[in-house]
Amino acid sequence: MKPDHDTAQPPVRRPRSTRPVNIQPPADPGTPLDPSNGVPAQPVPLPPVDVVAVADVPADSPVGRLAATVERLRSEVRTAQAEAEGRALIELAKGILVERLGCGPAQAARQLAELTEQAQVTPLELAVDVINQAARDRVAEVTEAFLSTTADPGAPDEDSAAVRLRAAESGVLAAHDTETMAASLLEHALRPLGAVAVAIWAAGSDGSLTLAGSAGFTSAEAARWCYVPPDVATVARRGLTEPDGQWLPSLAESGLPTIGRREYTEGARIAVPAGAGGRIHGVLEIAWPKPEGPLPRPVLRQVETLAELCAHTLDDFVPSAVPSPESRVMPDVAELMDLADGLHDPALVLVPHLDDAGRLLDFRIQHVNNHFLDPAGRPRAVIGGALLLEAYPMAAGTSELFQRVERVYATGEPFRAQRVRLTALVDQVPLSAVADISISRHGSTLLLIWRIEDETARLASLLQHAQRLGRIGGFEENLLTGEITWNGQLFTLYGRPATSSPVALEELPAYSHPDDAVQIGRFLRTLLHHRRPASAAFRLQRPDGVSRHMRLVAEPVLDTDGQLFGVRGAYQDISAQHWTEVALAATRDQLAHTEQQAAERNRLALQLQHAIMPPAQAPLRVPSIQVAVRYRPAETEHLVGGDWYDAVVLPSGLILLCVGDVAGHGIEAATSMVVLRNALRGLAVTGAGPAQLLSWLNIVAHHLTGAVTATAVCGLYDAETRTLRWARAGHLPPVLVREQEATPLPTLSGLLLGALPEAVYEETELSLAAGDTLLMYTDGLIERRDRSVEESLSHLLDQARSGPRTLDQQLDRLLTYSRSDTDDDTCIVGIRVD
């Protein structure tokens, strides 16, 4: 068995030897001391504190404050106990230094501090070393023997063994009764070794055993074992009669009765005789929670030393015929404890805890039955004997469990509730359980039962609901005996009462539609003759005349010799699925027809678009100016759009330059584009300016094309004066490229076409110089889903200013390096002045 090192004083790794501590006369004062007692100002290590509090409760709520108060008081008590026990050993070491050096207490404290610093240990460990060298008793002998057998010098347990034994000895000597002595042994020396409980037995002159003190067992269990008559074979009796004591790797395998057998049935036990001066005064019995191998010899010697400490106390022990009030169990309480042990649900026996004035403060957990399940997973020994609010502060929370217990105690009226959430926080981990609660009063005692929600029953209920919702029924058929088992859902699927006889698989053709006989026959041959899993879909004819579409799956069940002796499987009502598939088939046919129509519409729109707006057009031949256009249709046919452009020489000699974008896609957008493009050509013959042309085009878009909306840029270029008059209707302004610089033209006011019946547009004039290039484009050139228009326009300007020499190459480059990702149409009109 590997001892546990979780002690009240954590060990410190340091070089260790068995040489005496070099006690020198004290040096000059200089080491800081604790002003209260002269001990060097170094904190004594404290034991770890298990946190048990309410989870998911606000800290400022009454329950949160109660839980915090319980934890704070518990921590303060443990801290005070640890400090008192540690200081007792330090004060004893100081007394030894005072006697050895002939100095005062203050000088002894300084000397102890200097030695602590030299040895690089804690004051408590050095105090234990001083005590061991001065005492030269059994504790010192065991400690030195343990150090001499330790394989790894400087290991943590070297120091903890000495500290544990001295701390336990100090606690035993300071204990005012054997109960406190047992608690000190368990806390300081035995729990670090993995033990969970200890019992100290006093041996009578007639061979009887009296329980002098215990720790880790419930008070009710201690009351049951307060006295063992002579000649009764128990674990403690074996420890009394065997010279070297009794070691039991597993209590269950030994079959011996003893205290705490129900709490730690499978655990290991050791019973060591407690003797001194050649006389055995009793037995020290120690319990582990699970089976263990034999104790190592160094650990066994520590246990024997603890038994010798108990012997000095048992020498003056006088058994009392009357149990103390704390351990006294009234008859009605004992009967209720027996009743709780006979229950299959977790149960607590509660007794009222009153103050000196008789006022109810809390309820003490007098007994915990064998089936008890703590929501936080803590063992029964931790819960037994504790106060209800100390063990479960959440009882005063929203569940109002404590208030219900008070009410039942006051009125005697039982209380029951279902699905109450029990929550606890152990080591900062919230643990919850859902339980049914029952509280009843029996005399002055309360019985609290909670039934933790059974996972198996919950899963069975979940399966039942799943079968109901999925309309699935299961069956099993024994082909040898003819016994058939159906679940309730299968009777419902067949439309038969639950009291009727199930239908055998061989009778299935009589209950199905005649047209499905072939499928059912193939299913039965595969399953019963070929002995392979099979499935079939058929129409079930129910007694009420309703026909349901069913799916049947089954598998053969073979014995160890490979012979078929049974069949199991499941039915599922797939009527809704069948009619859904029929509807889907009709919908698919309709969709196919619709898709064919849509494809035809897209083909017509694409043909119309290509006829009016060919992707490539011959350059416009005009003196002193180059005009080039590019059109890139949408890559996806269903996105055929309404982008358009035009570059034509008017009868007046002016050149009409325009681009536009009709909202939407498809044949409607393509036809609207044709209308607007041709309308603008016809209106331009009037000689009106760009602003007036867009105003008239707005009327056309609003009234004559089904209220379509569109954007456009319209310009009239005079080759003789090199001036461009232009206007815009909600469209991106053109880009001017001059001397390797590309800038967008100012944004003129102008509403998109077709939005209002009438609209006024702003017009401006731009003077161009030789070598200038003007770019008019639609948003398909720059539009991106993941970037703003400003970012995309900046990229376009970078590409435009670094373009090739010829205009055609520059337009091709802009299309090639466009970062647009919307698959929209793209139009570009380029003008370069010679």
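Two strands are taken to pair if DSSP finds at least two bridges between them. In the predicted model described here, strand 2 and strand 3 form a hairpin with 5 residues between the strands. Within this hairpin, G207 takes a positive phi near 90 degrees. Strand 2 covers residues 197–203, and strand 3 covers residues 209–215. The two strands run antiparallel and are joined by 6 bridges. One position in this pairing is that of A202, which stands opposite T210 in strand 3.

The hairpin strands belong to a wider arrangement. An open sheet is formed by 6 strands in the order 4-3-2-7-6-5, with antiparallel pairing. Its edge strands are strand 4 (227–228) and strand 5 (246–248), each of which pairs on one side only. In general, the strands of a sheet pair through backbone hydrogen bonds, in either a parallel or an antiparallel sense. Strand 2 also pairs with strand 7 (residues 279–287), in the antiparallel sense and over 6 bridges. Here the bridge partner of A199 is E285 in strand 7. Towards the edge formed by strand 5, the pairing of strand 5 with strand 6 (residues 269–276) is antiparallel and has 3 bridges. L248 has R269 of strand 6 as its bridge partner. As for burial, 6 of the 7 residues of strand 2 are buried, so this strand is largely enclosed by the rest of the structure.

The chain as a whole has 834 residues, of which 46% are buried. It contains 22 helices and 28 strands. Among contacts with a separation of 6 or more, 61% are between residues 24 or more positions apart. The chain exposes about 40,400 Å², and carbon and sulfur atoms supply 53% of this area.

A further set of paired strands involves strand 27 (residues 773–777), which is mostly covered, with 5 of its 5 residues buried. T773, L775 and Y777 point one way from the strand, while L774 and M776 point the other way. Residues on both sides are buried. Strand 27 has antiparallel pairings with two strands. It is joined to strand 24 (residues 735–738) by 3 bridges, and V735 stands opposite L775 in this pairing. It is joined to strand 28 (residues 826–833) by 5 bridges, and the bridge partner of L774 in strand 28 is I831.

Cavities were searched for over the whole structure, and 3 of 30 Å³ or more were found. The largest cavity holds about 100 Å³ of space. Of the 13 residues that line this cavity, L781, S792, H795, S818 and R819 are the closest to its centre. Helix 21 (residues 789–801) gives the most to the lining, with 4 residues. By class, the lining is made up of 5 nonpolar, 5 polar and 3 charged residues.

Backbone angles at two loop residues were also examined. R531 is not a glycine, yet it has a positive phi of about 60 degrees. This residue lies in the loop between helix 17 (517–529) and strand 15 (534–541). With a relative accessible area of 37%, R531 is partly exposed, a term used for values between 20% and 50%. E739 likewise has a positive phi, of about 50 degrees, although it is not a glycine. Its place is in the loop between strand 24 and strand 25 (741–744). The relative accessible area of E739 is 73%, so this residue is exposed.

A504 is a loop residue with a buried position. It is found between helix 16 (488–494) and helix 17. Its relative accessible area is 15%, and residues under 20% are counted as buried; A504 is therefore buried. A504 and G482 are 22 residues apart in sequence, and their C-alpha atoms are 8.4 Å apart in space. When neighbours within four places in sequence are left aside, A504 is in contact with E477 and I484.

Technical notes: Residues are numbered from 1 along each chain as its sequence is written. This is a predicted model: local features need pLDDT of at least 70, side-chain atom pairs count only at pLDDT 80 or more; totals for chains, interfaces and linings use all residues. Side-chain values use heavy atoms; hydrogens and water are left out. On a 1 Å grid over the protein atoms alone, a cavity is a set of points where a 1.4 Å probe fits but cannot get out, and a pocket is an open set with protein on both sides within 12 Å along at least five of seven lines; lining residues have an atom within 4 Å of a point. Grid points are joined across faces, edges and corners, and a volume is the space filled by probe spheres set on the points. Ala, Val, Leu, Ile, Met, Phe, Trp, Tyr, Cys and Pro count as nonpolar, Asp, Glu, Lys and Arg as charged, and the others, Gly among them, as polar. Buried means under 20% relative accessible area, exposed over 50%, partly exposed in between (1.4 Å probe, protein chains only). Contact means heavy atoms within 4.5 Å. Accessible areas come from the Shrake-Rupley method with a 1.4 Å probe; for residues, only the protein chains shown count as cover.
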